[in-house]
Amino acid sequence: SWADSSGFGATGPADVTWTPREGFYVTVGLGFGLSPDDLAAIDPVGAWFGTLARMNPNGYWNIQADIYDYEATANPDGGEIDSNPYGVVAIQGRNRLVADAGGNSLLKVNNNGQVSTVAVFPNTLTPAPPFLGLPPGAQIPMQAVPTSVTPGPGNTVYVSQLTGFPFPQGGAKIYQVWPNGYMQVVADGLTTIVDITTGPDGSLYAVSFAQDLPACEGAGVCDGRLYKINPQTGAKTTLATNLPMPGGVAVASDGTIYMTLFSIFPEFAGGGQVVRLN
């Protein structure tokens, strides 16, 4: 992990997946608009960032794949070079799928560390916020910013999005993605989704970081939320509100829900938390 000099924010390991034989795989994200080289010039730990790391069952760590390097070389969405490996999940065939929030892509990493593109999430047009001073009714492009990936039925996965600036309320979606890159929306009308998982009954659980992201970053008033979603109909139920900066969610086989809170602004609470919801 690495925090800026003011102590206001931190970046580092974003998600974890594991298989019994191969051990743990961890995405090491990139925040603050830095590249790994930029960060390494500040702190040697920067060489680990923008990657998918692996810890085998013996406790040995190594970099499995350089996600930032793939973005710089392949640039799947054709935009500016920007990579922030976020969600990761192990799937059948000894592959890992990584949601690159900076690159707007879903990537596959095979057991040899080779990276390939599964899907690219498109920009969408959204109403321009008034403070930009644009004519009434003007729209601006908004990046997708995919955040989390979790297994779906068959060979599909679900992928959530945070959305990019201006982070409109109700602008985030959850997609179902097939191995050939085909995707369809299974839930919309969401806001700043940072993590999703499936429960024992097949329902989706989605974590909304904030209902007003600029206000959250400025004043720490985030109103994070947890939703339970029927992926067949898109119907959602709000399970919790006013959550302080939630980051992740996991659901046990008995339906117990676990979440992380104070995920990227630890100064508000003196540290992150893991909580249980009955």
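# Pockets, pairs and turns

User: By class, how many residues in the lining of the second largest pocket are nonpolar, polar and charged?
Analyst: The model here is a predicted one. Sorting the lining of the second largest pocket by class gives three groups. They are 10 nonpolar, 7 polar and 1 charged.

User: How much space lies in the second largest pocket, and which residues are closest to its centre?
Analyst: The second largest pocket holds about 330 Å³ of space. Its lining is made of 18 residues. Closest to the centre are Ile-91, Leu-97, Asn-155, Val-157 and Pro-179.

User: Which strand gives the largest share of the lining of the second largest pocket?
Analyst: Look at the strands β7 (85–91), β9 (105–109) and β10 (115–120). Each supplies at least two residues of this lining. The largest share is 3 residues, and it comes from β10.

User: How many cavities of 30 Å³ or more does a search of the whole structure find, and what is the volume of the largest cavity?
Analyst: The search covers the whole structure and finds 1 cavity of 30 Å³ or more. The volume of the largest cavity is about 40 Å³.

User: Which residue in the lining of the largest cavity is charged?
Analyst: The lining includes Pro-122, Thr-124, Met-142, Gln-143 and Ala-144. Gln-161, Gly-171, Lys-173 and Tyr-175 line the cavity too. By class there are 4 nonpolar, 4 polar and 1 charged residues. Lys counts as charged, so the charged residue is Lys-173.

User: Why do the buried residues of α2 lie on the same side of the helix?
Analyst: Helix α2 spans residues 67–74. Ile-67, Tyr-68, Tyr-70 and Glu-71 are its buried residues. They lie on the same side of α2 because they cover an arc of only 160 degrees around the axis.

User: At the start of α2, which residue's side-chain oxygen reaches the backbone nitrogen of Tyr-68?
Analyst: The contact is at the start of α2. The oxygen comes to within 3.3 Å of the backbone nitrogen of Tyr-68. It belongs to the side chain of Asp-66.

User: What is the phi of Asn-75, and is the residue buried or exposed?
Analyst: Asn-75 follows α2 and sits in the loop between α2 and β7. Phi is positive here, near 45 degrees, in a residue other than glycine. The relative accessibility is 18%, and under 20% means buried. So Asn-75 counts as buried.

User: What is the phi of Phe-262, a residue that is not a glycine?
Analyst: Phe-262 lies in the loop between β22 (257–261) and β23 (273–277). At 15% relative accessibility, Phe-262 counts as buried. Its phi is positive, about 55 degrees.

User: How many residues apart in sequence are the parts that the pair of Phe-121 and Tyr-175 ties together?
Analyst: A search of the whole structure finds 4 aromatic pairs. In one of them, Phe-121 and Tyr-175 are tilted, 5.4 Å centre to centre with 55 degrees between the planes. Phe-121 is in the loop between β10 and β11 (124–127), while Tyr-175 is in strand β15 (residues 172–177). So the parts are apart in sequence by 54 residues.

User: What are the relative accessibility of Phe-121 and the relative accessible area of Tyr-175?
Analyst: Phe-121 counts as buried. Tyr-175 is buried as well. The values are 3% for Phe-121 and, for Tyr-175, 9%.

User: Which peptide bond is cis, with omega near 10 degrees?
Analyst: Look at the loop between β14 (157–161) and β15, where Pro-166 is found. The cis bond leads into this proline. It runs from Phe-165 to Pro-166.

Terms used: Residues are numbered from 1 along each chain as its sequence is written. This is a predicted model: local features need pLDDT of at least 70, side-chain atom pairs count only at pLDDT 80 or more; totals for chains, interfaces and linings use all residues. Side-chain values use heavy atoms; hydrogens and water are left out. On a 1 Å grid over the protein atoms alone, a cavity is a set of points where a 1.4 Å probe fits but cannot get out, and a pocket is an open set with protein on both sides within 12 Å along at least five of seven lines; lining residues have an atom within 4 Å of a point. Grid points are joined across faces, edges and corners, and a volume is the space filled by probe spheres set on the points. Buried means under 20% relative accessible area, exposed over 50%, partly exposed in between (1.4 Å probe, protein chains only). Helices (H or I, at least four residues) and strands (E, at least two) are DSSP runs, numbered from the N terminus. The arc is that of the directions from the helix axis to the C-beta atoms. A polar contact is a pair of N or O atoms within 3.5 Å; within protein, one must be able to donate a hydrogen and the other to accept it, and residues adjacent in sequence count only if both atoms are side-chain atoms. Rings of Phe, Tyr and Trp (its six-membered ring) pair if their centres lie within 6.5 Å; planes under 30 degrees apart count as stacked, over 60 as edge-to-face and the rest as tilted.
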